[in-house]
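Student: Could you walk me through this one slowly, since I have not looked at it before?
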Protein chains: 2
Amino acid sequence: MGNRRFTADAVVTCDADDSVFAPGVVDTVNGRIAWVGPADSAPVVDDTVPVEDIGGLLMPGLVNAHCHTPMTLMRGSGDGLPLHRWLTEAMWPREGRMTREDAWWGMTLGSAEMLLAGVTTSCEMYLFEEEVVDAVRESGARLVMTPGVVSALHSSGSDRAAEISDFFSRYHDPSGRVTVGIAPHSAYDLGVAAVVEFAELARSLDTVLHVHLAETREESTELEDAYGHSITRILHDHGVFDGRVLAAHCVWVDAADMELLAANGVAVAHCPVSNMKLGSGIAPLAAMREAGVTVGYGTDGPASNDSLDLWEEVKVAALLAKVHALDSTVISATESLAMATRYSAAAVGLDDTGFLAPGNALDMIRIDLEQSTFVPMTDTDELLAHLAWSGSSREVTDVWVAGDKVVAGGEVLSIDTERAIAEVRQRALRLARG
Amino acid sequence: MGNRRFTADAVVTCDADDSVFAPGVVDTVNGRIAWVGPADSAPVVDDTVPVEDIGGLLMPGLVNAHCHTPMTLMRGSGDGLPLHRWLTEAMWPREGRMTREDAWWGMTLGSAEMLLAGVTTSCEMYLFEEEVVDAVRESGARLVMTPGVVSALHSSGSDRAAEISDFFSRYHDPSGRVTVGIAPHSAYDLGVAAVVEFAELARSLDTVLHVHLAETREESTELEDAYGHSITRILHDHGVFDGRVLAAHCVWVDAADMELLAANGVAVAHCPVSNMKLGSGIAPLAAMREAGVTVGYGTDGPASNDSLDLWEEVKVAALLAKVHALDSTVISATESLAMATRYSAAAVGLDDTGFLAPGNALDMIRIDLEQSTFVPMTDTDELLAHLAWSGSSREVTDVWVAGDKVVAGGEVLSIDTERAIAEVRQRALRLARG
């Protein structure tokens, strides 16, 4: 990949300084960023370095911190049913019929949608881990694969632990595009003891434990009654938070729970669109941020969203926080962009993506600034407002992952999207009809 | 325009039966719908009638029930400021510098955005009513123009009433594309007496009174303290609801207020994205519907949204209602689509648009069903789910208003969008700098 220089009308770094350089420069070498800054102070490079004046806006790729992407196969199924009937009548029967090949195609279609939206990394909690890895490798995206553990399928925790350990040893590659974590579904599904065991396994492998936590008001009532504490405190008291933990949802957490999350470095994958669609509740985003919790954004599965375009979360998360607080000033455009990028990356255990800085992977996207929803633009504050409130897959024209171009001119280079659409259409019919 | 037949893979009528015909037929004559129904029972037509096999999905154009569209000129300005500072430091100074030509270009750019999103009608509450009408006429869209009355500019209510009466007599044309209503800003801005006077004028002209009502918790406190009632009851008790009324927002209404709205046929323009962004509050959508209130959707001004793509309201309104009620079953996909179409049309006083039925105007849009976000589609319930949760301007390919094609292949035929972008960019700079 060698050296290369990109010049753009604007570069939004999403680093800790939230820098905006307009115009800006990104220098790269061998799939990593060498320098990023304002055009007028860019280092002199010799004639052999190709310079691409790409126009538009460059920023880091987005990171989807919580997803079950193969569920593209069930998008729209059972729409409008109450939660329990939706699961038992629409989701689980279809998942029960799903083959490895189905999962591969479901993941492939979802990967295409995410790349087209500028989502360069997703953290997947799902079964069929071999197929998910294979599909994402072919797509060129970055992946944090956290193989799921659910009570209905894994009555023997130790067998599944052995499978996951083996999978980890074969695929976990922090210097490459795939890392591996572990995803026991939840304490209410598996019991506290099983979550503790998988948390110990995750610690022994020095990797991320990914677990659903406090998504609905009712789910953990039984455990909370038994222990006399909130589910968050129960997990804390059992040492689950001693390692690196990514907790999805955290809708029903109180101030004491938030303190526990912050003090123990537990990261939260906030999934506002899914929480709204399923009527789960409003997670206290502004309060979690105030308490010092690292919060990233997730779409959750495409069957409960129904989109994989993380730009929706950028807008909806901030707006939901504002109306929840009755305060338009909480969760600014800049802060919401940070949660979709660097905070999401940190939440899923990656430290070299999610912001543009020297040494980081070149996971980068280009935004077309000529769209009328980005008009007018009288200063950089308006630029950031437009990104946060009007950004969408529409404006993403080019995407690089680890320096490789995977989307060009709004087309995914690595995936036959038409074929993936046709496969998912046909396979979904079979899953629906049994 | 003569006779013409459209055949499509699906026709979604958004009529009171919420019919879906797949495949379906729409027959038209002279800009009106002659027949709509399933392809296999379409009436025989003779060889002279052109038949266009248009594929995709046909449905009524969306209706934006509450908007201040020329505010495209201020989109993004003062983003993140608290409400009062946003108004006094960012909005009002720019509006104070706005010329008639500025308003024309702001409206023109917004019209382009709405048409591209399949919004065929908007109900505008703004000043510069002549320019708004002229711009929308050129765009080919349908318009309900409700000239605004605000205390800062209209110290003499009677002068403004005379202006509006004159404007009404020149432009109100129920058989054409422009109707005219009257928009006193609010009781908290103008006082109750002024709202009553303009309500009487609206009644005398047999047209719609368009007024902001109960948007924020604080705005009407003074009046409510003085009268000992909610602002909704104050307006009711003063006879404001005796005519046709479109009340924008209605965030802070209780059960008794909703009963008053329903019993008096007051329609509500629900603007969830704006209410969220400004931190105003969550309007009780499910409860208003339950009480029998006619509710349509509005984007509000593009400076507080920041989009004119009413598909966002289709998704966000339903999802916000679900999470507000902690119940995933309230406000179904079908119901949310109805609120963006036939209920919005009824709310703004139009009875021959917003649904596909014989005799109605041919205000119709075509949706591309080949997008991956519409995949899979195993039954018509999934089709409606995809429309509601994944619909956006991306999928709108063609738009007709009163039988005239105004958007073809995703391009507005009637507006030089590039010129409008350039004009708004340049004019916004002047408005920002003074």
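Tutor: We will take the two chains together, then a helix pair, then a sheet. This is a predicted model, in which local features need pLDDT of at least 70 and side-chain atom pairs count only at pLDDT 80 or more, while totals for chains, interfaces and linings use all residues. Residues are numbered from 1 along each chain as its sequence is written, and chains are lettered from A and ligands numbered from 1 in the order in which they are written.

Student: What rotation superposes chain A on chain B?
Tutor: A rotation of 180°, with 0.0 Å of shift along its axis, superposes chain A on chain B with an RMSD of 0.0 Å (a least-squares fit on the C-alpha atoms of residues with pLDDT of at least 70 in both copies). The two copies are thus related as by a two-fold rotation axis.

Student: Which residue of chain A comes closest to the rotation axis?
Tutor: That is Arg394(A), whose C-alpha is at 3.6 Å from the axis.

Student: And how many residues does the contact take from each chain?
Tutor: The contact takes 52 residues from chain A and 52 residues from chain B, where two residues are in contact if their C-beta atoms, placed from the backbone, lie within 7 Å. On the side of chain A that touches chain B, H16(A) gives the most, with seven residues; helices and strands here are DSSP runs, numbered from the N terminus (H or I of at least four residues for helices, E of at least two for strands). Because 100% of the interface residues of chain A are also interface residues in chain B, the copies meet through the same surface.

Student: Switching to helices, at what angle do H4(A) and H6(A) pack?
Tutor: Helix H4 (residues 157–171) and helix H6 (residues 192–204) of chain A pack at about 25°, with their axes 11 Å apart; axes are lines fitted to C-alpha atoms, for helices over the stretch in contact, and angles run from 0 to 180 degrees between N-to-C directions. That makes H4(A) roughly parallel to H6(A), a term for angles under 35 degrees.

Student: Which residues make that contact?
Tutor: H4(A) brings Gly157(A), Ala161(A) and Ser165(A), and H6(A) brings Ala194(A), Glu197(A), Phe198(A) and Leu201(A).

Student: Last topic: what is the strand order in the open sheet?
Tutor: The order is E13-E14-E15-E16 in chain A, four strands with parallel pairing, and strands pair if DSSP finds at least two bridges between them. The edge strands, each pairing on one side only, are E13 (209–213) and E16 (295–297) of chain A. Three bridges join E15 (residues 267–270) of chain A to E16(A), and Ala269(A) stands opposite Gly296(A) in E16(A).

Notes:
Angles under 35 degrees count as roughly parallel, over 145 as roughly antiparallel, 65 to 115 as roughly perpendicular and the rest as oblique.
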